[in-house]
Amino acid sequence: MTQKPERFLSLDVFRGMTICFMIIVNTPGSGATAFAPLEHAKWFGFTPTDLVFPSFLFAVGNAMSFTMKKFDSLSTGDVLYRVLKRGLIICLIGYLMSWFPFFDHTPTGWVMRPISGTRIMGVLQRIGLCYIFASLIIYFVKNRTSVFIISALLLVGYWVLLLIFGDKAAPYGMLTNAGTYLDKYILGDPHLYKGEGVPFDPEGILSTLPAIVNVICGYYAGKFIQEKGKGYETIARLTLMGALFIFMALCWGMVFPIGKKLWSSPFTLLTVGIDMVIISALIYLVEIKASRGSWTSFFTTVGKNPLIIYVLSEVLVIIFWMIKIGDQNFYGWINTVLFQKVAPGPIGSLLFAVSFMLLCWCVGKILDKNKIYIRV
């Protein structure tokens, strides 16, 4: 992702904040109960944690508003090659993460983990697919109004597909919506996410459609900021647009419930609206009031290497689960002997999550200090 620290530090801070909070919500410690704001809504509803992933997609769109300028000097074939290469590499990294550590230890020795039970979709896979489709839509459909119409069709079309092909009695149910039916038919139960206790993938095939709009909106928000500059007019218009998106989401949510795991269309509108308001606040603080210093550099440290820091966080926590100490793994052991001793219950869970994020941040700091920026 192109860095513009002097001109648009606020966007870099936004990207870094998203990565930091994504790591925190993905690695809560153990306790009697988890720290409530670090939990996703069970199905319908909205929590602060539900904002993190769509904000990352919004940040991907922000970055695209800078990098896609290079496409003007390239042939269509080169553009397709670059977009598909980058998107598919991200998808491949996500798939390999779900397969990691590739081998299982059995009583008879080490054996390769079967691909037949590996999850195919996932967070990075959704990011890669949304990047590909959003880039191609924006590149080939030059007219901004036409892109907005396509975005509206993606949101409304997803709603219509759920109503037509889902269970008539419960079209928005976890196991009865059209997206789950499609995932089960194409991918099969062994390749779906099992974290809900049943085969269901919150990053499934069909629910990728409204998620593409998060990236498209992030792109045009970034373009708008570049075109209008970092003044009060930019802040006012972004805030008003964000408020309009939030209002539309709440109205639509009366008939199509807001839910991250279903990635309902009103959920897309709500998260885009909140992201616009957040970026407006950051522009005011960072660009206009020039409130810069250690807090901005903290987040930009992570924002300069977003992919590698996120992958590190996921791989490292898997390693924590693999290391055995007595009758429990290192992840549970360090929570039991340290964090739950210091602050039993939800606060101890939060302390572990923040500490784990800071550990990943230290790696980002080392990379930044040595001017190492890993991109795909």
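## A tour of helix packing, core and backbone

H1 and H13 are oblique to each other, because an angle of about 135° falls outside the ranges for roughly parallel, roughly antiparallel and roughly perpendicular pairs. The model on screen is a predicted one, and this pair of helices is the opening stop.

Select helix H1, residues 9–26, together with helix H13, residues 346–369, and look at how they pack with their axes 8 Å apart; the crossing of the two is right-handed. To see the contact itself, show the side chains of Cys20, Ile23 and Ile24 in H1, which meet Ala353, Val354, Phe356, Met357 and Cys360 in H13. The residues of this contact comprise eight nonpolar, no polar and no charged.

Next, select helix H4 (residues 123–140) and helix H7 (residues 208–228), whose axes lie 8 Å apart at an angle of about 60°, which makes H4 oblique to H7. H4 passes H7 in a right-handed crossing. On the H4 side, display Arg126, Leu129, Cys130, Phe133, Ala134, Ile137 and Ile138, and on the H7 side Thr208, Ala211, Ile212, Val215, Ile216, Tyr219 and Tyr220, since these are the residues that meet. By class, twelve of the residues in this contact are nonpolar, one is polar and one is charged.

From there, move to Ile127, which with Met64 touches the most other members of the largest nonpolar core, a set of 97 residues. Once residues up to four places away in sequence are set aside, Ile127 touches Phe53, Phe56, Leu57, Val60 and Ile90.

Select Ser55 next, in helix H2, residues 52–67. Ser55 has 5% relative accessibility and therefore counts as buried, the cut-off being under 20%. Apart from its neighbours within four places in sequence, Ser55 is in contact with Phe14, Thr18 and Asp275.

The remaining stops concern the backbone. Most residues other than glycine have a negative phi, and most peptide bonds are trans. At Phe100 and Pro101, however, the joining peptide bond is cis, with omega about 15°; Pro101 is found in the loop between helix H3 (76–99) and strand S1 (103–106).

Where does Trp263 lie? Trp263 is in the loop between helix H8 (232–252) and helix H9 (265–288), and has a positive phi of about 50° although it is not a glycine. At 0% relative accessibility, Trp263 counts as buried.

Finish at Lys371, in the segment after H13, where phi is again positive, near 55°, in a residue other than glycine. Lys371 counts as exposed, at 63% relative accessibility.

Notes
Residues are numbered from 1 along each chain as its sequence is written. This is a predicted model: local features need pLDDT of at least 70, side-chain atom pairs count only at pLDDT 80 or more; totals for chains, interfaces and linings use all residues. Side-chain values use heavy atoms; hydrogens and water are left out. Axes are lines fitted to C-alpha atoms, for helices over the stretch in contact, and angles run from 0 to 180 degrees between N-to-C directions. Helices (H or I, at least four residues) and strands (E, at least two) are DSSP runs, numbered from the N terminus. Angles under 35 degrees count as roughly parallel, over 145 as roughly antiparallel, 65 to 115 as roughly perpendicular and the rest as oblique. A crossing is left-handed if the near helix is turned anticlockwise from the far one by less than a right angle, and right-handed if clockwise. Contact means heavy atoms within 4.5 Å. Ala, Val, Leu, Ile, Met, Phe, Trp, Tyr, Cys and Pro count as nonpolar, Asp, Glu, Lys and Arg as charged, and the others, Gly among them, as polar. A nonpolar core is a set of buried Ala, Val, Leu, Ile, Met, Phe, Trp, Tyr and Cys residues joined through side-chain atoms within 4.5 Å. Buried means under 20% relative accessible area, exposed over 50%, partly exposed in between (1.4 Å probe, protein chains only).
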